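I am opening a notebook on a structure that I have not looked at before. The entries below record what I looked up, in the order in which I did so.

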Amino acid sequence: MKKLSILAAFITGAIMVQAQIDSSAKNLSKFEKIPSFNMYIVPDSTSFSNKNLKTNKSFIIMFFSPDCEHCQKETRELLAYKNELKNIQILMASPSSYGMVKQFYEEYNLASMPNIKLGNDVNYALGSIYQLRTFPSIFVYDRTGKLAKAFVGNIGVPAILEALK
């Protein structure tokens, strides 16, 4: 009976541990390279796609929502690290309306960082590729276009910079 109790406790523990694993991590192999995308960026609705990315430069995709407090905090931190991030291409993509995205762009004066492109992810096309569940979600690609690290939630710029070393 004691062995049966130990076995039951072990199985229960294994199930609980498995339930805590983020299943999105299993899907990361799909994103080893930057996926094809096309979106309209603010402030002028110009088209921006993966073909516009400069080669041999790191690239970050940050999925956000303008009304997400964690996204707002992450954006303030991006601005605080303007000099450290100036050579990194950053795309901030949101499923929110173009108007909300543009208001966010203006409110945070993101024009002060020309390396940041802020776009409306129409019909959640790019977000669905990544199977997002949480904002912000950040995908960091190195100079070769290979996924260096994926983050969920507000993680701070130092962690992003560390992933690019």
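These notes go from the whole chain to single residues.

**Entry 1. Overall make-up**

I noted before anything else that this is a predicted model. I looked up the secondary structure and found six helices and seven strands. Along the sequence they follow the pattern α-β-β-β-α-α-β-α-β-α-β-β-α. The protein has 165 residues, and buried residues make up 39% of them. I also looked up the surface: about 9,500 Å² is exposed, with 55% of it supplied by carbon and sulfur atoms. For contacts with a separation of 6 or more, I found that 70% are between residues 24 or more positions apart.

**Entry 2. Strand S3**

Is S3 enclosed or open to the outside? Five of its five residues are buried, so I wrote it down as largely enclosed by the rest of the structure. In a regular strand the side chains alternate between the two faces of the sheet. I therefore checked S3 on each face: Phe59, Ile61 and Phe63 are buried on one side, and Ile60 and Met62 are buried on the other.

Next I looked up the partners of S3. It runs parallel to S4, and five bridges join the two. Isoleucine 61 has leucine 91 in S4 as its bridge partner. S3 runs antiparallel to S6, also with five bridges. Here phenylalanine 59 is paired with tyrosine 141.

**Entry 3. The S6 and S7 hairpin**

I followed S6 onward to S7, which covers residues 147-152. The two strands are antiparallel and are joined by five bridges. Phenylalanine 139 stands opposite alanine 150 of S7. S6 and S7 form a hairpin with five residues between them. In the turn, glycine 145 has a positive phi of about 85°.

**Entry 4. Nonpolar cores**

Which residues touch the most other members of the largest nonpolar core? I found Phe64, Leu78, Ile90, Met92, Leu110 and Leu118, out of 24 residues in that core. The elements that give two or more residues to this core are S3, H2, S4, H4, S5, S6 and H6. H4 gives the largest share, three residues. A second, separate core has 17 residues, including Phe37, Leu53, Phe59 and Leu126.

I then listed the contacts of phenylalanine 64, leaving out residues up to four places away in sequence. The list is Cys71, Met92, Ala93, Ser94, Pro95, Val101, Phe104, Leu118 and Phe135.

**Entry 5. Two glutamates in helix H2**

Glutamate 74 lies in H2. I checked its accessibility: the relative accessible area is 0%, so glutamate 74 counts as buried. Beyond its neighbours within four places in sequence, its contacts are Met62, Ile138, Gly153, Asn154, Ile155, Gly156, Val157 and Ile160. I looked up one of these pairs in the chain: glutamate 74 and glycine 156 are 82 residues apart, and 6.4 Å separates their C-alpha atoms.

Glutamate 77 is also placed in H2. What is the nearest side chain of opposite charge to glutamate 77? It is lysine 73, 5.6 Å away. A salt bridge needs a side-chain nitrogen of Lys or Arg within 4 Å of a carboxyl oxygen, and I recorded that glutamate 77 has no salt bridge although it is buried. Apart from neighbours within four places in sequence, glutamate 77 is in contact with Gly156, Val157 and Pro158.

**Entry 6. Backbone details in two loops**

I looked for cis peptide bonds and noted one between valine 42 and proline 43, with omega about 10°. Proline 43 is in the loop between S1 (38-41) and S2 (46-49). Serine 45 lies in the loop between S1 and S2 as well. Its phi is positive, about 60°, although serine 45 is not a glycine. At 38% relative accessibility, serine 45 counts as partly exposed.

I noted another cis bond from phenylalanine 135 to proline 136, where omega is near -15°. Proline 136 is in the loop between H5 (125-130) and S6 (137-141). Glutamine 131 is found in the loop between H5 and S6 too. Glutamine 131 has a positive phi near 55° and is a residue other than glycine. Its relative accessibility is 37%, so I entered glutamine 131 as partly exposed.

Definitions and conventions: Residues numbered from 1 in each chain as written. Predicted model: local features only at pLDDT ≥ 70, side-chain atom pairs only at ≥ 80, totals over all residues. Heavy atoms only, no water. Helix = DSSP H or I, 4+ residues; strand = E, 2+ residues; numbered from the N terminus. Buried < 20%, exposed > 50% of the residue type's maximum accessible area, 1.4 Å probe, protein only. Pairing = 2+ DSSP bridges. Core = buried A, V, L, I, M, F, W, Y, C linked by side-chain atoms within 4.5 Å. Contact = heavy atoms within 4.5 Å. Lys, Arg positive; Asp, Glu negative; His and termini not counted. Areas by Shrake-Rupley, 256 points an atom, 1.4 Å probe, with all protein chains shown as cover.
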